[in-house]
Amino acid sequence: MADVTLTIDGQPVTVPAGTTLLKAAAQLGTAIPTICYHEHCTANGLCRMCVVEVEGQRLLQPACLVPAAEGLRVQTRSERVARSRRTIGEMLAASVDLSQAPELQAQLADYGADPERFPEAERRARPVIDDNPMYVRDYAKCILCWRCVQVCAEDAQYTFALSFDGRGYNTQIGTFFEKPLPETACVFCGQCVGVCPTNALKPKREWLLEQGQTPDEIMAQTRSGRRRKRG
Amino acid sequence: MNPADLTAITHREQEARGRHRCRVLCCSSTACLASGGGAAKDGLTRAVKLHGLEKNVQIVNTGCMGLCSLGPMMRLEAQGEPDTLYQRMTADSAHQVVDEQLVPYFQPGHTPTEAESEVGAHDFPHLRASLSQVRLGRGLDEHLLPQDMPFFTRQKKIVLARAGLIDPERIEDYIAHGGYTALAKALTQLTPEQVCAEIQASGLRGRGGAGYPTGLKWNHVRKADGPRKFVIANGDEGDPGAYMDRTLMEADPHSILEGMIIAGYAVGAQHGYLYVRGEYPVAVKRLEKAIRSAYRQGLLGDDIFGTAFSFEVDIRIGAGAFVCGEETALMASVEGQRGTPRMRPPYPAQNGLWNAPTLINNVETYGNITAILNEGAAWFAGIGTEKSKGTKIFALTGKLNHTGLIEVPMGITLREIVFEIGGGIPGGRQFKAAQTGGPSGGCIPAEHLDTPVDYESLKALGSIMGSGGLVVMDDASSMPDVAKFFMEFCVDESCGKCVPCRVGTVQMHRLLEKVTAGQGQAADLQKLENLCRLVQRTSLCGLGQSAPNPVLSTLRYFRHEYDALVANGR
């Protein structure tokens, strides 16, 4: 494919046409913060953290989706961009428990976000779902980046065990008819746990350790579980 | 089917019409059915039977006649008489119409009027008095509706020309009113390029609200490469108070279908989808019937009008998500996915349904196509303003004396719509604002009543043309409350995909609740305004990008109301 030359933060850069602004900026060593974006997932541009200013465009554009084009002039950290990222971070912090999302915490700090700016929001308080021996789902920590649903589907596993439930503010990742995972198509491949950015999905062992159990206690449980199954 | 068959069907229809001296048209749109139109029609049918007039009086179900607030409506067409319009009909009043008007009309001794003599009234020696001479019993005069009301005379009907006059469930009735001649003309006399050029020359713009030039869009899809292409009609109307599309689909489904088939020919598509929201069962039923009868007549399917052009149409029913009116979410829904929008570009014209080039227009846009092809682009371009051509349908609701469905030429002023067609504000109250464009639009205050209604002027005022909802508010309405109402709507209808819309609408709604409850502070207003700008510029789709509009527009014109709430509480 033909190359195009564009300007990012005043620096010219030449990339193959179709390269996203995110990757073009990376080529210059400019890091654009992302949340929902993952190297191996289809980009959806839904967290809006990576928005940048593209000259001539009324709205801010998601860098993870917008392809580089000849002559494009992009600003990755204008005043408008910085303010938007800060507010998006603040809104996320107001609605979700980000305590175990270090990357996100760093972004919030970088943009001077005040996590308490939107005190009116009610946090999504959901009980932890512990319905299988492999991993737990703590959707109070879920920022709805969609990665788990995507790797469960066409981005990796083609299992389609995970899906969406509800809409708007009440959207949640779930299984069909809220069935426990062992009753779904889930094969416990662990792809979803691997891509989760906030520890909403967590290996069961890690979770049990956090609950104060010792490795021996955990092993004892699995041993008795296996014995029950054999007997 | 060949073009001559259309003429044959028209002749048969006219003959059948001539056998009945009298027709009573009963509005059977959702609005009139909800106010008791079914019972009124049953009463009419019983009374006609009772007097043995079935052979003379034909009772027809039609679509919307317009004045929905005065429904159920009926229209009496008696040969040699001016049409009579009735309002607020019941079974009893329908009985009265038969007893006091139809029975005397068919009595021996009726002196034929001049017009009747012309049509051969000697065939009907039993006619007695002219309808206007019949003395009406107590009560029936209250049901008469003058047809010279500004509500009717100030309108210009192109898309709704047949609404209320034909039976939407009979393709023959549509054909007898000039239906499918535009399709015949397009297929047999015009190339796809010529059809697109004609639409482009007409200046028609998208009636879903954004106003993109229709001809341009058609050309984009026509020129796009792809082994298959699709045509979609968007009938997923959902703005609060808006029911233009529903009414059009109920009143004249074939005009939409014909527009779609022509579009399919023009852009080179083989398949069309009519996307209708699930809350519109009557519209779905009539569209299904329209599609079936079009197939039966050979107007859908293979080799239409003997040409090499084949076209299929299917209905897809929405499942109650407002966001599915957004074109990319709509296409996801048609594909069977969760109805969430995606980033544009790529636009549907390049990459649409199942990644194929897709033409997607509002149903009202398709409703304009037949008239443009029949009457010519120049005729259409002669109506309206410099940049907004033709007419627009509005659902006129709120604090008005006459609410209902209207079609007006572009460029008419808001004042004419509100005070002439709508009959002004009831209860001696003052006009305060008109809200257009629903949750994506804004309000227009009294000082801008003389603004012409067109895409650019409304945008300049901070509102939008929108799909055609027009809600009028009087001086008793609190504008922060109005903004809160629309924000609540957006909270409910946000799909939850992108963060600004999912969380931002909730935050804005909370702040509005606080302010309208009198617990807000100046800093809250500042925060609200900042949030509005953020959601506007960072949301993924049109729903989020426009969700703050009602707040921003009420802040622009009615800031003092917000300030008063903040200063004084409530």
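**Domain and chain interfaces in the predicted model**

A salt bridge links A:Asp97 to A:Lys141, with 3.7 Å between the closest N and O atoms. The model is predicted, and the distances and areas reported here are computed from it. The domain assignment divides chain A into domain 1, residues 1-123, and domain 2, residues 135-230. By these bounds, A:Asp97 lies in domain 1 and A:Lys141 in domain 2. One salt bridge is found across the interface of these two domains. The N to O distance of 3.7 Å in the pair A:Asp97 and A:Lys141 falls within the 4 Å cut-off of the salt-bridge rule.

The residues on the side of domain 1 of chain A that touches domain 2 comprise 11 nonpolar, seven polar and two charged. In terms of contacts, 20 residues of domain 1 of chain A meet 18 residues of domain 2 of chain A. Nine residue pairs are in polar contact across this interface, with both residues of each pair at pLDDT 80 or more. The C-alpha centres of domain 1 and domain 2 of chain A are 28 Å apart.

The size of an interface is often expressed as the accessible area lost when the parts come together. For domain 1 and domain 2 of chain A, the buried area is about 1,500 Å², and carbon and sulfur atoms account for 52% of it.

The second interface considered is that of chain B with chain A. Here 33 residues of chain B are in contact with 37 residues of chain A. About 2,900 Å² is buried between chain B and chain A, with 59% of this area on carbon and sulfur atoms.

One salt bridge is found across the interface of chain B and chain A. The salt bridge between the side chains of A:Arg167 and B:Glu493 has an N to O distance of 3.1 Å. By the domain bounds, A:Arg167 belongs to domain 2 of chain A. The interface of chain B and chain A also holds 14 residue pairs in polar contact, both residues being at pLDDT 80 or more.

On the side of chain B that touches chain A, at least two residues come from each of α19 (479-493), α20 (499-516) and α21 (522-538) of chain B. The largest contribution to this side is that of α20(B), with 10 residues. Classified by residue type, the side of chain B that touches chain A consists of 12 nonpolar, 11 polar and 10 charged residues. B:Glu493, the partner of A:Arg167 in the salt bridge, is at the end of the range given for α19 of chain B, 479-493.

Notes
Residues are numbered from 1 along each chain as its sequence is written. Chains are lettered from A and ligands numbered from 1 in the order in which they are written. This is a predicted model: local features need pLDDT of at least 70, side-chain atom pairs count only at pLDDT 80 or more; totals for chains, interfaces and linings use all residues. Side-chain values use heavy atoms; hydrogens and water are left out. Domain bounds come from an automatic or database domain assignment. Contact means heavy atoms within 4.5 Å. Buried area is the accessible area (1.4 Å probe) that two parts lose on being put together, summed over both. A polar contact is a pair of N or O atoms within 3.5 Å; within protein, one must be able to donate a hydrogen and the other to accept it, and residues adjacent in sequence count only if both atoms are side-chain atoms. Ala, Val, Leu, Ile, Met, Phe, Trp, Tyr, Cys and Pro count as nonpolar, Asp, Glu, Lys and Arg as charged, and the others, Gly among them, as polar. Helices (H or I, at least four residues) and strands (E, at least two) are DSSP runs, numbered from the N terminus.
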